[in-house]
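Reader: I am new to this structure and would like a close look at one part of it. Please take the helix that gives the most to the core, and follow its links outward.

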Amino acid sequence: MRRISNVFWISVAIILACVVFGVTAPKSFEEATGNLQAFLTTSFGWYYLILVTVIVIFCFFLIFSPVGAIKLGKPDEKPEYSKVSWFAMLFSAGMGIGLVFWGAAEPLSHFINPPLAEGGTPAANKEAMRYTFFHWGIHAWAIYAIVALTLAYFQFRKGEPGLISATLKPVLGKRMEGPLGTVIDVLAVFATVIGVATTLGFGAAQINGGLSYLFGIPNNFVIQFVIIAIVTVLFMMSAWSGLSKGIKILSNTNMFLAIALLVLMFIAGPTILILNMFTDSFGGYIQNIVQMSFRIAPLNEEHRSWINDWTIFYWAWWISWSPFVGIFIARVSRGRTIREFLIGVLLLPTLVSFLWFAVFGTSGIEVQNAGNIDLTKFATEEVLFAIFNEFPMSTVLSIVAITLVCTFFITSADSATFVLGMQTTYGSLTPPNSVKLTWGIAQSTVAIILLYSGGLQALQNALIGAAFPFSIIIVLMMISLYRSLTKERKELGLYLKPSPREKHNTGA
């Protein structure tokens with residue numbers, strides 16, 4: 001136990017207190033998180049929109065800056081993982097269950113209740129796809145990218161421990177080695193546990209929804225408890241085997257299943273319309289990205305409510321996930337240049353997400369428009385399976401989807417146990433299995449308690465609350481990274497066109 005830091009004990013105590021609160025007073029817990037969520041979205045929605053847009057701009061600045069040639073590691077280091085495995089791991093950790101859960105449900109929801117247009121119209125269809133692209137596109141991955149880049153740079157380039165607090169030394173100095181650093185790392189751990197627990201709750205509901213639709217199994221808390229318990233055992237077995245074995249194998253499996261499901265639905269669904277909607281929606285996304293990035297509807301209460309429920313919720317979701325996903329992506333990205341890293345993390349997952357929503361969103365809206373079935377009568381977690389039932393190979397599609405959610409579930413939880421282990425053992429790249437086991441049980445317990453105390457709404461409320469304090473840390477991380485990169489650029493003499501020798505010095 002000598003390798004366990006104070007962050008571990010403090011974080012466990014805080015999370016245990018939340019669990020006890022949720023068990024003993026579920027209604028009060030739901031009310032408390034609901035009030036916090038309402039306050040933050042109403043008072044700080046403008047802050048979330050501006051912050052995430054600034055993060056996107058900063059990422060693109062680094063791509064085109066001379067510092068993009070700097071390597072995340074020593075000049076002669078090579079990437080630890082192939083590009084295929086690297087992409088599979090970052091994508092599985094970064095989106096995973098969310099894509100399957102919302103793949104058809106979100107575009108359909110926006111089609112029925114669009115942000116601006118009249119519901120159920122062609123204009124609503126276009127808005128639905130454009131805003132779905134917006135929520136799952138560049139902005140989401142920029143949040144992950146900036147946290148991951150900062151961690152990877154300071155850990156592999158500067159030799160700092162893999163802790164959030166260690167990245168802030170250029171801004172806050174030696175105070176990061178004292179109580180203030182501990183507070184920051186505890187915030188990162190807490191945000192990670194709540195963010196992952198939220199997604200595990202979505203995953204359990206999705207699996208339960210599929211089993212309910214296919215086999216008539218009850219869709220309730222008891223079944224979801226059993227699902228989480230079974231998956232907890234499975235992801236702890238994977239975590240025990242280590243990063244290079246368990247997570248790598250699971251991530252590659254995820255990509256294979258996701259591609260299989262995507263291709264099957266693309267063939268079974270309205271193929272030509274999918275291609276047309278993808279093209280049109282991509283163009284609409286590019287044309288309207290600035291307006292969507294700052295839209296807060298200050299003079300229209302109904303429109304503002306929609307933004308709070310969707311855009312602000314998503315920005316908070318990505319922020320709460322960023323310490324977990326950022327630390328994990330940083331860990332598997334050693335040896336890549338800043339430019340290669342940012343292009344890989346920003347653009348490739350965004351393109352795959354767009355394809356995913358074009359296929360499943362277009363298919364879902366077409367089913368709704370056909371009038372044979374009203375998809376709005378189904379619970380969110382059952383919508384995808386109701387859509388499958390309207391196409392050929394429905395049983396095959398449903399089974400692949402349930403299997404994919406399970407593997408995404410295991411991968412996300414497995415990755416989180418590793419990240420939480422790192423954060424509570426002084427940044428160790430090989431945290432003890434006992435610590436990973438503790439965090440695996442903790443995050444599953446939080447997911448169960450949040451489901452018990454208020455279902456998915458309580459999960460979402462808790463998520464908004466956990467994200468806000470960490471957003472301030474992200475601001476400090478950007479300042480810290482900029483200062484350090486500017487200093488190194490001057491030391492290396494990096495300008496717009498570095499010489500071959502300078503490229504070698506940077507590891508480019």
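Author: What follows starts at helix α17 and moves from there to the core, the salt bridges and the aromatic pairs.

This is a predicted model, in which local features need pLDDT of at least 70 and side-chain atom pairs count only at pLDDT 80 or more, while totals for chains, interfaces and linings use all residues. Residues are numbered from 1 along each chain as its sequence is written, and side-chain values use heavy atoms, with hydrogens and water left out.

Helix α17 covers residues 433-492. Helices here are DSSP runs of H or I with at least four residues, numbered from the N terminus. Isoleucine 464 has its place in this helix. Is isoleucine 464 buried or exposed? Its relative accessible area is 0%, so isoleucine 464 is buried. The word buried stands for under 20% relative accessible area, exposed for over 50%, and partly exposed for what lies in between, with a 1.4 Å probe and protein chains only.

Setting aside residues up to four places away in sequence, isoleucine 464 touches Gln37, Leu40, Thr41, Tyr48, Ile312, Phe313 and Ala316. A contact of this kind means heavy atoms within 4.5 Å. One of these partners, threonine 41, is 423 residues from isoleucine 464 in sequence, yet their C-alpha atoms are 8.0 Å apart in space.

The largest nonpolar core has 173 residues, and Ile146, Ile164 and Phe360 touch the most other members. Helix α17 gives the most to this core, with 20 residues. Such a core is a set of buried Ala, Val, Leu, Ile, Met, Phe, Trp, Tyr and Cys residues joined through side-chain atoms within 4.5 Å. In soluble globular proteins, nonpolar side chains tend to be buried together. Isoleucine 164, leaving aside neighbours within four places in sequence, is in contact with ten listed residues' worth of surroundings that include Val147, Leu151, Ile184, Phe470, Ile473 and Met477. Glutamate 488, another residue of helix α17, is paired with arginine 157 of helix α7 (residues 138-157), so the pair ties together parts that are 331 residues apart in sequence. Their side chains meet in a salt bridge, at 2.7 Å from N to O. A salt bridge is a side-chain nitrogen of Lys or Arg within 4 Å of a carboxyl oxygen of Asp or Glu. Both glutamate 488 and arginine 157 are buried.

By this rule the count comes to eight salt bridges. Glutamate 80 and arginine 331 form one of them, with the closest N and O atoms 3.0 Å apart. This pair links distant parts of the chain, 251 residues apart: glutamate 80 is in the loop between α2 (26-64) and α3 (83-94), and arginine 331 is in helix α13 (residues 301-331). Glutamate 80 counts as partly exposed because its relative accessibility is 42%, whereas arginine 331, with a relative accessible area of 13%, is buried.

Lysine 169 and glutamate 177 also meet through their side chains in a salt bridge, 3.4 Å from N to O. Lysine 169 is at 25% relative accessibility and so counts as partly exposed. Glutamate 177, with a relative accessible area of 59%, is exposed. Salt bridges that share partners join Arg157, Lys158 and Glu488 into one network.

Aromatic rings make further links. The structure holds 40 aromatic pairs. Rings of Phe, Tyr and Trp (its six-membered ring) pair if their centres lie within 6.5 Å; planes under 30 degrees apart count as stacked, over 60 as edge-to-face and the rest as tilted. Phenylalanine 134 and tryptophan 315 form an edge-to-face pair, 5.1 Å centre to centre and with 65° between the planes. Phenylalanine 134 lies in helix α6 and tryptophan 315 in helix α13, so this pair ties together parts that are 181 residues apart in sequence. Phenylalanine 134 is buried, with a relative accessible area of 0%, and tryptophan 315 is buried, also with a relative accessible area of 0%.

Tyrosine 285 and phenylalanine 354 form an edge-to-face pair as well, with 5.0 Å between centres and 75° between the planes. Tyrosine 285 is in helix α12 (residues 271-294) and phenylalanine 354 in helix α14, so parts that are 69 residues apart in sequence are tied together. Tyrosine 285 counts as buried at 2% relative accessibility, and phenylalanine 354 counts as buried at 1%.

Helix α14 covers residues 338-370, and its 33 residues should span 48 Å at 1.5 Å a residue; the end C-alpha atoms are 48 Å apart, which agrees. The expected span is 1.5 Å times one less than the number of residues. Just after α14, glycine 371 takes a positive phi of about 85°.

Conventions
Helix = DSSP H or I, 4+ residues; strand = E, 2+ residues; numbered from the N terminus.
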